[in-house]
Amino acid sequence: MDTPYTKRAADVLIWLLLLTMPYWIDAVGGYTQLGSRVLIMALAAMSLNFLLGYTGVLSFGHAAYFGLGVYGMGLTIKYLVPSTLAGMAVGVLAGAAAAAIIGLLIVHLRGIYFAMVTIAFGQVFYFIAYRWNNVTGGDDGLSGWSRQPIDFGFATVDILHNQRAFYYLVLLCFLISVAIMAALLRSPFGRTLLAIRENERRARFLGIPVDRHIWISWLISCIFVSLAGTLYALLNNFADPHDLRWDQSGDFVIMAVLGGMRSFWGPLIGAAIFVVLQDYVSSETQNWMSFIGLFFVLVVLFFPRGVLGIVRRKAAS
Amino acid sequence: MSLLRVENVSKQFGSLIAVNNVSMTVESGELRAIIGPNGAGKTTFFNLISGFLRQTSGRIIFDGEDIGDLLPARRVWRGIARTFQVTEVFPELSVRENLRIPVEVASGMRLRPWLSRSADRTVRARVDELLDMAALAGKAERLVGELAHGDQRATEIMMALALKPRLLLLDEPTAGMGDQETYDITQLILRLHKNAKLTIVLIEHDMRVVFHLADRVTVLDQGHLLAEGAPKEIAANEAVQSAYLGQAA
Amino acid sequence: MTQLILYNVFNGLIIGAFYALMALGLSLILNLSGVINFAHGGFLAVGAYLAFVLVPYIGFWGALVISPILTALFGLVIERILIRRLYGRDPLYGLLLTFGLAFMLEDGTRFIWGPQTLPFSVPDWLSSQLSSEFFFLTGYRLFMVLLVTAVVIGLFLLLGYTRIGVRIRAGTLDLETVSVLGVNVRMLRSLNFGLGIYLAGLAGVLAAGMLGLQPNIGTDLIMPSFVAIIIGGLGSLPGTLLGGLLIGVASGVTTVFFPSASEAVIYIMMGLVLLVRPRGLLGEEGRF
């Protein structure tokens with residue numbers, strides 16, 4: 001099924017849908033900001049999947065780097081310089097630095113151990129955001145700041161009031177990130193990651209320095225997730241410690257799994273479904289937590305290969 | 001100078017001595033077979049040479065260099081490639097992709113984030129070459145995990161070959177194979193030995209393969225070096241016979 | 001000053017005992033079945049709320065005995081329906097499923113009993129002070145330490161000397177061999193899970209007495225349990241026990257000097273252990 005032509009057609013279709021989203025989203029009962037949210041979550045989930053689906057490494061603590069992006073943006077605009085781009089830079093740098101250091105500590109661990117440690121480190125950052133009241137606003141979050149217009153020299157774009165403009169900013173970031181990740185996965189380096197996923201021992205015995213490559217994959221994954229975090233902060237004009245909690249990490253994983261870990265666009269589909277579902281459920285009932293929890297259980301039991309996994313199997317038979 | 005010199009190597013696991021003071025010298029271009037009853041320590045011996053395990057004592061000298069402390073990936077870079085008793089390949093990737101990875105790694109591309117057209121063409125050409133050598137061209141796009149055992153093994157051997165090794169270690173290449181597959185693999189190994197002038201050491205249980213391929217045979221028994229010599233000598237060696245018969249009884 | 005430090009060390013030991021109790025249950029399940037039970041905190045909450053329901057009928061002591069058993073039975077049901085499907089699969093799925101389960105348990109308890117803190121009555125004579133010099137030595141705290149000590153000793157005796165205990169330990173090392181030797185691995189896993197949940201339920205009852213009853217009573221305790229296991233070493237129950245006590249004492253002592261950092265110190269310890277001895281203090285080499 002996955003001939004080059006079908007793949008190319010799917011890519012084109014997806015980009016078309018994304019490019020024109022603000023124009024058709026209202027017709028299907030949504031709103032532009034929801035679309036932005038889907039894209040941001042999709043970026044986060046796809047970044048996670050770079051590590052999870054393509055390198056075979058399970059991180060359940062990615063919200064930490066997402067959160068660093070969120071707070072990096074918020075703190076920069078509020079206290080340093082009211083510039084969206086500066087906020088992005090700070091957020092991504094913070095996420096990258098933390099990931100680089102923590103990566104060194106954990107990259108030789110495997111499987112369950114690795115997962116547990118990522119959870120624990122995720123908790124560290126949540127704890128910092130939650131406790132450091134003076135700086136982060138603690139449990140109340142960081143407010144009193146908002147999206148700053150972007151000055152291109154020849155034109156200034158108001159992304160605060162113009163939801164469409166904001167969406168296209170998000171889309172631009174998404175496009176660049178996704179293009180880079182796709183290129184990397186198609187490169188010799190990307191193939192070494194596949195090798196590590198498929199058979200670590202064999203990869204080692206082909207001369208691939210496994211730990212080093214996992215560290216690089218980890219770093220790339222965290223960089224793009226923190227970029228998603230900066231965009232998320234902009235979306236809400238708010239930084240919330242909840243963005244760093246283990247349930248946020250779990251959300252990223254379920255999006256990747258739901259859409260299909262083994263395919264490139266899987267996490268985008270997973271994010272779309274999950275965000276829309278979450279939006280709907282939380283507006284309909286107090287017990288949204290039970291529904292989301294049940295959702296996780298059902299996905300694990302009945303959809304472990306994800307939506308695209310099912311599509312692929314149907315096409316192959 | 002010999003290509004591989006294993007000097008008085010031992011490996012101990014607690015109180016169990018798996019490899020006991022074994023020495024072996026392999027010349028460049030040789031095809032050596034290691035045989036011995038089950039539990040003789042043959043795979044452990046391979047694990048020591050390839051770096052999967054670290055020896056308790058003794059030295060391993062490859063092309064004049066003491067490699068005893070090097071990690072497996074580094075020994076690969078020095079030119080030692082191996083296959084495993086249970087075939088280790090990348091099951092959800094195609095044969096072509098399986099071969100492409102070691103070709104790229106051997107060409108120093110493992111960190112390359114991008115490949116130029118011409119480099120891509122060179123890599124593809126090399127992969128096609130390897131596919132033809134093993135008669136796998138027709139199955140190139142199939143997932144390795146779905147292939148027959150013999151083809152999986154052939155893929156694994158070609159992956160090792162793709163690394164352009166100077167020493168190829170094959171751990172029971174014909175294990176679990178029927179007559180036809182055994183014949184095919186044996187022919188493949190012979191071709192590699194002749195065309196690529198590769199130094200090969202293989203562990204084998206199938207004596208037909210040993211006699212067909214080996215220049216010299218090393219016999220291990222319960223971790224000791226029992227005998228070494230030309231295949232005919234070994235076949236006639238009484239100590240070797242009783243070691244095998246002792247096992248059977 | 002010494003009194004202050006002593007108070008905090010003792011306090012830390014109590015907290016550490018809690019962490020250890022919960023971490024031991026988590027560790028048991030992890031070691032034998034390879035499942036990270038994210039929902040462990042949820043089961044703790046169930047134990048606490050069940051005790052709350054039972055106290056008016058059978059009193060505190062009755063609840064202390066019965067509630068963990070009921071929680072364990074509930075755990076067995078969950079194991080049968082859900083957890084069983086995770087065995088042998090990628091740990092990813094175990095994490096996701098127990099994660100979802102944790103959500104459902106927390107929301108479920110909130111739905112049934114409401115989000116507010118409920119009062120949990122502990123027998124009066126337990127809450128009394130035992131000594132005016134060591135004012136921190138209340139009966140309840142002492143009781144908790146004694147109870148946890150007894151339970152832990154009981155657990156290690158069970159694992160060391162009973163048939164099922166030996167089987168659990170053997171299964172942790174090599175499940176395949178154990179099954180080939182004729183042991184019913186399915187039942188072993190179930191019972192092991194039940195045992196782990198029993199410990200969670202017991203921790204729940206004790207926590208209710210000390211911390212008060214809210215739906216998220218368990219979620220705060222699960223993270224330190226993870227850290228206890230990491231510090232003590234995966235695969236080692238004594239390690240988990242040690243890890244729990246260490247982080248409890250560490251955070252207790254830190255409270256004296258840097259009150260706001262007392263939570264952070266357990267993660268700092270974890271970072272140090274990972275740096276210096278990645279397999280944990282008592283962990284086995286090459287286990288992961």
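How many helices and strands are there in chain C? In this predicted model, chain C has 11 helices and zero strands, so its pattern along the sequence is just α-α-α-α-α-α-α-α-α-α-α. The radius of gyration of chain C comes out at 19 Å, close to the 19 Å that the globule rule gives for 288 residues, so chain C is as compact as a globular protein of that length. The C-alpha trace of chain C spans about 60 × 50 × 35 Å along its principal axes. Buried residues account for 51% of the 288 residues in chain C. As for contacts in chain C with a separation of 6 or more, 74% of them link residues 24 or more positions apart.

Chain C also touches chain A, and that contact draws 35 residues from chain C and 35 residues from chain A. On the chain C side, α3 (91–113), α9 (219–232) and α11 (264–276) each put in at least two residues. The biggest giver there is α3(C), with 15 residues. Sorted by class, the side of chain C that touches chain A holds 26 nonpolar, five polar and four charged residues.

Over in chain A, one helix pair is worth a look. Helix α3 (residues 63–80) and helix α5 (residues 111–131) of chain A have axes that come within 8 Å and cross at roughly 30°. Angles under 35 degrees count as roughly parallel, and α3(A) and α5(A) are therefore roughly parallel to each other. From α3(A), the residues A:A63, A:A64, A:G67, A:L68 and A:Y71 meet A:F121, A:G122, A:F125 and A:A129 in α5(A). By class, this contact of α3(A) with α5(A) has seven nonpolar, two polar and no charged residues.

Chain A has a contact with chain B as well: 19 residues of chain A are in contact with 26 residues of chain B. The chain A elements that give two or more residues to this side are α7 (163–185), α8 (188–198) and α9 (200–204). Of these, α8(A) gives the most, with seven residues. The class tally for the side of chain A that touches chain B is 10 nonpolar, four polar and five charged residues.

Chain B brings in a sheet. Four of its strands form an open sheet in the order β2-β1-β4-β5, with antiparallel pairing. The edges are β2 (16–26) and β5 (65–66) of chain B, each of which pairs on one side only. Starting from the β2(B) edge, strand β1 (residues 4–13) of chain B pairs with β2(B) in the antiparallel sense over seven bridges, and B:V9 has B:V22 in β2(B) as its bridge partner. Next along, five bridges join β1(B) to β4(B), again antiparallel, with B:R5 opposite B:I61 in β4(B). At the other edge, β4(B) and β5(B) run antiparallel and are joined by two bridges. Here B:I61 turns up again, standing opposite B:D66 in β5(B). These two strands, β4(B) and β5(B), form a hairpin with two residues between them. In the turn of that hairpin, B:D63 has a positive phi of about 50°.

The sheet has a helix to go with it. Helix α1 (residues 42–50) of chain B lies across β1, β2 and β4 (57–62) of chain B. Relative to β2(B), helix α1 of chain B runs at about 65°.

Note on methods. Residues numbered from 1 in each chain as written. Chains lettered and ligands numbered in written order. Predicted model: local features only at pLDDT ≥ 70, side-chain atom pairs only at ≥ 80, totals over all residues. Axes fitted to C-alpha atoms, helices over the stretch in contact; angles between N-to-C directions. Parallel < 35°, antiparallel > 145°, perpendicular 65-115°, else oblique. Contact = placed C-beta atoms within 7 Å. Nonpolar A, V, L, I, M, F, W, Y, C, P; charged D, E, K, R; others polar. Pairing = 2+ DSSP bridges. Rg over C-alpha atoms; globule rule 2.2 N^0.38 Å. Buried ≥ 20, exposed ≤ 12 C-beta atoms within 10 Å, placed from the backbone.
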